[in-house]
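Please read the following explanation alongside the sequence and the model. It begins with a term, turns to a single residue, and then widens to the chain.

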Amino acid sequence: MSAAPLIGLTTSLEPAAWGDWRMDAAVVPAPYVAAVLAAGGEPLLLPTGFGATPERALALLDGLLVVGGADVDPAAYGQPAAPWTDPRPDRDRAELALLRRALEADLPTLAICRGMQLLNVVRGGTLVQHLPQRLGHEGHLEQRGVFGTHEVEVDPRSRVGRVLGERATIRSYHHQGVDRIGRDLTATAWAADGTVEALEADDRRFAVGVLWHPEQEQEPVLIEELVHVAGGR
């Protein structure tokens with residue numbers, strides 16, 4: 001029996017509470033871990049929220065899952081921060097370095113929400129810092145602390161399209177998005193307002209970013225696909 005694929009999950013440094021304790025902790029929301037386990041993967045939490053790039057761990061991984069979280073620091077793509085942008089520069093530095101090395105190694109990678117934005121930035125792309133200012137609506141983040149839903153149109157020839165088909169209803173929670181697409185990346189899904197919802201690296205076997213949250217779905221098929229590819233299936 002072959003070993004379960006080892007999937008690295010990025011983490012953030014957040015205030016946390018358990019038992020009698022209140023202190024900072026390396027955090028990853030449980031649905032990401034549960035989805036990897038349900039797909040037959042072995043999750044390994046990476047301390048990227050501390051600014052660390054776990055080089056030795058990267059060499060052991062079969063796949064990488066870059067989870068969602070805080071805004072990407074606009075300094076990473078050469079822009080000043082807007083008033084509504086709340087970055088975590090230490091996490092950015094670690095995860096950009098991790099993504100760069102994963103892409104160099106052709107490690108199967110799924111980058112979710114903030115992760116997709118980082119994938120675009122690491123390939124030289126830029127971001128829209130506040131979509132409501134450009135779009136004139138808040139349809140991608142309608143209520144704080146609540147995932148919204150909307151449909152996306154998907155290129156059926158793409159990796160995402162082969163998994164989801166031409167249309168999908170997705171769980172959304174973000175206020176930033178892709179502006180200029182980075183090199184060797186292709187947009188493969190779009191919201192009705194034109195927002196790019198998925199990116200895929202043309203020069204890698206599986207390097208996919210989605211702006212939505214597949215870990216929140218009853219059947220997180222994109223995370224299953226990551227685990228399957230990482231396992232050589």
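A residue is called buried when its relative accessible area is under 20%, and exposed when that area is over 50%. The model considered here is predicted. In it, T126 has a relative accessibility of 5%, and therefore counts as buried.

The position of T126 along the chain can be stated precisely: T126 belongs to the loop that lies between helix α4, covering 114–122, and strand β7, covering 127–128. Leaving aside residues up to four places away in sequence, T126 touches Y77, Q79, N120, G177, V178, D179 and R180.

From this residue the view may be widened to the protein chain. Its secondary structure consists of 7 helices and 13 strands. The radius of gyration of the chain is 17 Å, close to the 17 Å given by the globule rule for 233 residues, so the chain is as compact as a globular protein of that length. Along the principal axes, the C-alpha atoms fill a box of roughly 50 × 45 × 30 Å.

Burial and contacts can also be described for the chain. Of the 233 residues, 52% are buried. Among contacts between residues at least 6 apart in sequence, 68% join residues that are at least 24 apart.

There remain the surface and the charges. The accessible surface of the protein chain is about 10800 Å², and carbon and sulfur atoms account for 50% of that area. The chain carries 21 positive and 32 negative charges, and the mean positions of these two groups are 5 Å apart.

Terms used: Residues are numbered from 1 along each chain as its sequence is written. This is a predicted model: local features need pLDDT of at least 70, side-chain atom pairs count only at pLDDT 80 or more; totals for chains, interfaces and linings use all residues. Side-chain values use heavy atoms; hydrogens and water are left out. Helices (H or I, at least four residues) and strands (E, at least two) are DSSP runs, numbered from the N terminus. The radius of gyration is taken over C-alpha atoms; the globule rule is 2.2 Å times the number of residues to the power 0.38. Buried means under 20% relative accessible area, exposed over 50%, partly exposed in between (1.4 Å probe, protein chains only). Contact means heavy atoms within 4.5 Å. Accessible areas come from the Shrake-Rupley method with a 1.4 Å probe; for residues, only the protein chains shown count as cover. Lys and Arg count as positive and Asp and Glu as negative; His and the chain ends are not counted. The place of a charge is taken as NZ of Lys, CZ of Arg, CG of Asp or CD of Glu.
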